[in-house]
Amino acid sequence: AVAAYELEAAIQRLRDATLSASAETARQRVEAEKFKAVVDDTSKSYSERIKAAQQAGEIEKKIASEAFDRALEAKRIDDAQLALSTGDQAKKEAAAKATVEFYEATAQLNSAQINAQKEIRDLQKEASDARKKQLEDERKRAEELRKEYERLYEDLQRQVTSLDVSTEENP
């Protein structure tokens with residue numbers, strides 16, 4: 001009887017947590033979407049976009065982690081209910097459903113972590129590629145300027161030489 005009472009209290013706590021979590025999760029998703037908008041905004045600097053990707057990733061991981069915790073508790077409760085029942089098919093089905101939801105929540109948590117890191121790596125690579133292109137463009141421009149300088153220097157030398165020749169002819 002004590003186990004049944006404790007189980008019922010756990011069920012109620014899980015219901016309460018699930019209700020309050022749904023509003024909080026919606027709020028967190030709105031916040032994550034704001035950060036994702038910054039990530040997609042190519043007018044922002046790479047450092048701003050990477051920081052926003054990190055913040056969005058943290059929110060997504062938090063959402064997934066909380067869903068995982070609730071799924072784990074639901075699985076624990078359903079397993080306990082199954083243990084207390086004797087051959088109740090509905091309890092077996094509920095336990096099986098809770099197990100599936102637990103594994104789905106685990107997959108979502110793993111996916112949130114992987115996707116957040118992938119997005120950050122992609123932005124870092126994009127920033128690195130842009131910097132390499134910028135450096136290559138600067139190198140090419142420096143080479144063009146060097147060639148222009150050499151050409152001007154040669155022109156100047158020719159002019160000086162022609163001036164020397166003309167001053168030698170008219171002493």
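**Group meeting: a walk through three helices**

Okay, let's start with Glu 60, which sits in helix α2. Before I go on, keep in mind that this is a predicted model. So, is Glu 60 buried or exposed? Its relative accessible area is 17%, and since buried means under 20%, Glu 60 counts as buried. Who does Glu 60 touch, if we skip residues up to four places away in sequence? The list is Arg 29, Ala 32, Lys 36 and Ala 112. With one of those, Lys 36, there's a polar contact between the two side chains, at 3.4 Å.

Staying in α2, which runs from residue 46 to residue 84, we also find Arg 49. Arg 49 has a relative accessibility of 6%, so it counts as buried too. What does the side chain of Arg 49 pair up with? There's a polar contact of 3.4 Å to the side chain of Glu 126. Leaving out neighbours within four places in sequence, Arg 49 is also in contact with residues including Val 38, Val 39, Asp 41 and Leu 123.

Now over to helix α1, residues 2–40. Here's a little sanity check you can do yourselves. How far should 39 residues span, at 1.5 Å a residue? The expected figure is 57 Å, and the C-alpha atoms at the two ends are 54 Å apart, so the two agree. There is a kink in α1, though: about 25 degrees, centred on Ala 21. Ala 21 is also one of the buried residues in this helix, and among the others are Leu 7, Ala 10, Ile 11, Leu 14, Ala 32 and Val 39. Try looking at the spacing of those numbers. An α-helix has 3.6 residues a turn, so residues three or four places apart point the same way.

Leu 14 comes back when we turn to the largest pocket. That pocket holds about 410 Å³ of space. How many residues line it? There are 18, and the ones nearest the centre are Leu 14, Ala 74, Asp 78, Ala 98 and Glu 101. Helices α1, α2 and α3 each give at least two residues to the lining.

Last stop: Thr 99, in helix α3. At 22% relative accessibility, Thr 99 counts as partly exposed, because the buried class is for values under 20%. Thr 99 and Ala 74 are 25 residues apart along the chain, with their C-alpha atoms separated by 8.5 Å. And Ala 74, remember, is one of the residues nearest the centre of the largest pocket.

Terms used. Residues are numbered from 1 along each chain as its sequence is written. This is a predicted model: local features need pLDDT of at least 70, side-chain atom pairs count only at pLDDT 80 or more; totals for chains, interfaces and linings use all residues. Side-chain values use heavy atoms; hydrogens and water are left out. Helices (H or I, at least four residues) and strands (E, at least two) are DSSP runs, numbered from the N terminus. The expected span of a helix is 1.5 Å times one less than its number of residues. The bend at a residue is the angle between axes fitted to the seven residues ending there and the seven starting there. Buried means under 20% relative accessible area, exposed over 50%, partly exposed in between (1.4 Å probe, protein chains only). A polar contact is a pair of N or O atoms within 3.5 Å; within protein, one must be able to donate a hydrogen and the other to accept it, and residues adjacent in sequence count only if both atoms are side-chain atoms. Contact means heavy atoms within 4.5 Å. On a 1 Å grid over the protein atoms alone, a cavity is a set of points where a 1.4 Å probe fits but cannot get out, and a pocket is an open set with protein on both sides within 12 Å along at least five of seven lines; lining residues have an atom within 4 Å of a point. Grid points are joined across faces, edges and corners, and a volume is the space filled by probe spheres set on the points.
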